[in-house]
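Student: I have a protein structure open and no clue how to read it. Can we go through it together, one feature at a time?

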Amino acid sequence: ETQIVWLRRDLRMADNPALYEAAKRGPVVAVYVLDDDRASTHAYGGASRWWLHHSLEALQNSFASRHAKIVLRRGDAVEHLLQIAEETGAKTIHANRHFEPWWRNAEKTLGEKIDLERYDDANFLTVMGSIKTGTGGQYKIYTPFSRAVRSQYPPRDELPEPETLSSPETYPESDDIADWKLLPSKPDWAAGMRDFWKVGEAAAHERLEWWETHVDDYDDKRNFPSVEKTSRLSPHLHFGEITPVQIWHHFKHKRSKGWDTYESELIWRDYAQNTVAQFPLYARDNYREDFDKIKWRDPETDEKAAKDLKKWQQGRTGYPIVDAGMRELWQTGWMHNRVRMITASFLIKHLLIDWRHGEQWFWDTLVDADYASNATNWQWTAGTGVDSNMFVRIMAPLSQSEKFDSAAYIRKYVPELAGLDEPYIHDPEEFGRLPKAYPPKMIAHKEARERALAAYKAMKDD
Ligand code: FAD
């Protein structure tokens, strides 16, 4: 009997529980549905669409090498899946579970109409919801959560690629991926991304091999954006080209301080997902409701705030480290984690603009844009989340830039400043060395800090 596999963020052959199980039971029809309406505000943005195109193509090739196909459809995922089930006579749909609110709704609707076999443990180190506090509740704070995760190790065994992948006699009709127009045409903004990334399952494993020779430096070097000392596996993980379980087993015999710290970051990924599993609208609502009263500068009603938001997006703030980060993001679809924290903090506190505007910009421009990780990190930076940095702890971009040796990074992404040495490059205006092509600071650090603290105090007094 034909088995349907519903692919979403699990674009791989190996360690894919849904595919593995389905392949054991019969001929497989794998289906990917581009369902923008269902995701609504979180339909994939430009950068993710670029990645998705290449990732699906890579997986199509893997299927083709086994004489199998992926059926592509666009529109309502539930309707397409039910229609394909009817057409193929399939009685079961296999799907790795996903926790974005729109996918949870879709799984619920689909499960009421057909046998939906869901696999809980596909894309994370832990089974979501299984890590319980001593009293049986869910963790909200990272540190005890991570301790509990580590106490449950090892994670499940990794699964091999299915040994055989038999095909049905005929496949249901499929879209041609080119018709989805996921790639930019004019203007073609993806050149920087093409240089920076190799997409797909094989590329993810190549990157893992590379990472094995660098992971030992991770603890010391991960905060320095000028060097390539983080894994850059995030988009591969988001699209499920590789799983954290595979990464864990890969490093099983190689434990070092670097690996230990790296593992904590992988646990942050589970933690973010665990938060969203508890609070599905985390990308929309402040967890701490008192922040609903803060008087943000609103780009929708305030022209100056709209201009400021644009300058931040374009990397024209006059703060070199912020601008380097925002331009790295635009060119490559990725930004170093330390700089994500600096740029996010700058938007929220220096510009006093609601974090949700930043969340949306990152959503559109990151190749690793991830509903849970993005929302959790934005709420953390804003001080509005479950487990948060305090709002009143305001990052000073200029001293962060010096502390983390960002000169080479700035030179790379802000060519107007490439001729400047240290320490001038971190704050050219202060040293009277502002090049003509580079803007002065849009707001002084001290003034921004006072404005943010005053807004916070007004919210508290309200
Ligand atoms: P590494 O340093 O090599 O870390 C390994 C893996 O651990 C990453 O690939 C990622 O999957 C996970 N990870 C690391 N840090 C975090 C973290 N703080 N939270 C959750 N998972 C983490 N990460 C995303 O994957 N998608 C996002 O949309 C996203 N938005 C962010 C927004 C802001 C404002 C901030 C401050 C951080 C955001 N992050 C996001 C987290 C982090 O910056 C990236 O995961 C990391 O930079 C990816 O690069 P890497 O693969 O080299 O990470």
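**Reading the fold, piece by piece**

Tutor: Let's begin with one residue: R74 sits in strand β3, which covers residues 70–74. Keep in mind that this is a predicted model.

Student: Is R74 buried, exposed or something in between, and how do I tell?

Tutor: You count C-beta neighbours: 20 or more within 10 Å means buried, 12 or fewer means exposed. R74 has 14 other C-beta atoms within 10 Å, so it is partly exposed.

Student: Which residues does R74 touch once its sequence neighbours are left out?

Tutor: Skipping residues up to four places away in sequence, R74 touches V33, L34, D175 and W180. Sequence distance and spatial distance are separate things to read. R74 and D36 are 38 residues apart in sequence, yet their C-alpha atoms are 8.4 Å apart in space.

Student: How much of that long-range contact is there in the chain as a whole?

Tutor: Take the contacts with a separation of 6 or more: 75% of them link residues 24 or more positions apart.

Student: What about the overall build? How many helices and strands are there?

Tutor: The protein chain has 20 helices and five strands. For overall dimensions, picture a box along the principal axes: the C-alpha atoms fill roughly 75 × 50 × 50 Å. Then compare the radius of gyration with what a compact globule would give. For 462 residues that would be near 23 Å, and the chain has 23 Å, so the two agree.

Student: And how many of the residues are buried?

Tutor: Of the 462 residues, 45% count as buried. Next, look for where nonpolar buried residues join up. The largest nonpolar core has 114 residues, and I4, V5, V31, L81 and I410 have the most contacts inside it.

Student: Let's pick V31. What does V31 touch?

Tutor: Beyond residues up to four places away in sequence, V31 touches I4, V5, W6, L7, V71, R73, L81 and I84. Notice that I4, V5 and L81 also appear among the core residues with the most contacts.

Student: How do I read a helix that packs against strands?

Tutor: Find its buried residues, then see what they face. In helix α1, residues 17–25, the buried ones are P17, A18, L19, Y20, A22 and A23. The buried residues of α1 pack against β1, β2, β4 and β5.

Student: Where does UniProt place a domain?

Tutor: An unreviewed UniProt entry puts "domain: Photolyase/cryptochrome alpha/beta" at residues 1–124. That span is 46% helix and 22% strand, and its end C-alpha atoms lie 30 Å apart.

Student: There's a ligand too. Which residues are closest to the ligand?

Tutor: A shell of 27 residues surrounds the ligand, with T230, S231, S234, N374 and N377 the closest. Now sort the shell by character: eleven are nonpolar, nine polar and seven charged. Helices α10, α12, α15 and α17 each supply at least two shell residues.

Student: Which residues does UniProt list as "binding site"?

Tutor: The unreviewed entry lists Y218, T230, S231, R232, L233, S234, Y262, D368, A369 and D370. These span 153 residues in sequence and their farthest two C-alpha atoms are 22.7 Å apart, so they do not all gather at one spot.

Student: Can we compare T230 and R232?

Tutor: Sure. T230 lies in the loop between α9 and α10, and R232 is also placed in the loop between α9 and α10. T230 is buried, with 23 other C-beta atoms within 10 Å, while R232, with 18, is partly exposed. Leaving aside neighbours within four places, T230 contacts R222, H336 and N337, whereas R232 contacts R207 and W334.

Student: Which peptide bonds are cis?

Tutor: Check omega. The bond from Y153 to P154 is cis, with omega near 0 degrees, and another cis bond joins K186 and P187, with omega about -10 degrees. P154 lies in the loop between α6 and α7, and P187 is found in the loop between α6 and α7 too.

Student: And what is phi of D15 and of S40?

Tutor: Phi of D15 is near 50 degrees, a positive value in a residue other than glycine; phi of S40 is near 50 degrees as well. D15 is in the loop between β1 and α1 and counts as buried, with 24 C-beta neighbours inside 10 Å. S40, in the loop between α2 and α3, is exposed, with 9 other C-beta atoms within 10 Å.

Methods
Residues are numbered from 1 along each chain as its sequence is written. This is a predicted model: local features need pLDDT of at least 70, side-chain atom pairs count only at pLDDT 80 or more; totals for chains, interfaces and linings use all residues. UniProt positions are given in the numbering used here, feature names are shortened, and annotations may be inferred rather than shown by experiment. Helices (H or I, at least four residues) and strands (E, at least two) are DSSP runs, numbered from the N terminus. A nonpolar core is a set of buried Ala, Val, Leu, Ile, Met, Phe, Trp, Tyr and Cys residues joined through C-beta atoms within 7 Å. Two residues are in contact if their C-beta atoms, placed from the backbone, lie within 7 Å. The radius of gyration is taken over C-alpha atoms; the globule rule is 2.2 Å times the number of residues to the power 0.38. A residue is near a molecule or strand if its C-beta atom, placed from the backbone, lies within 6 Å of it. Ala, Val, Leu, Ile, Met, Phe, Trp, Tyr, Cys and Pro count as nonpolar, Asp, Glu, Lys and Arg as charged, and the others, Gly among them, as polar.
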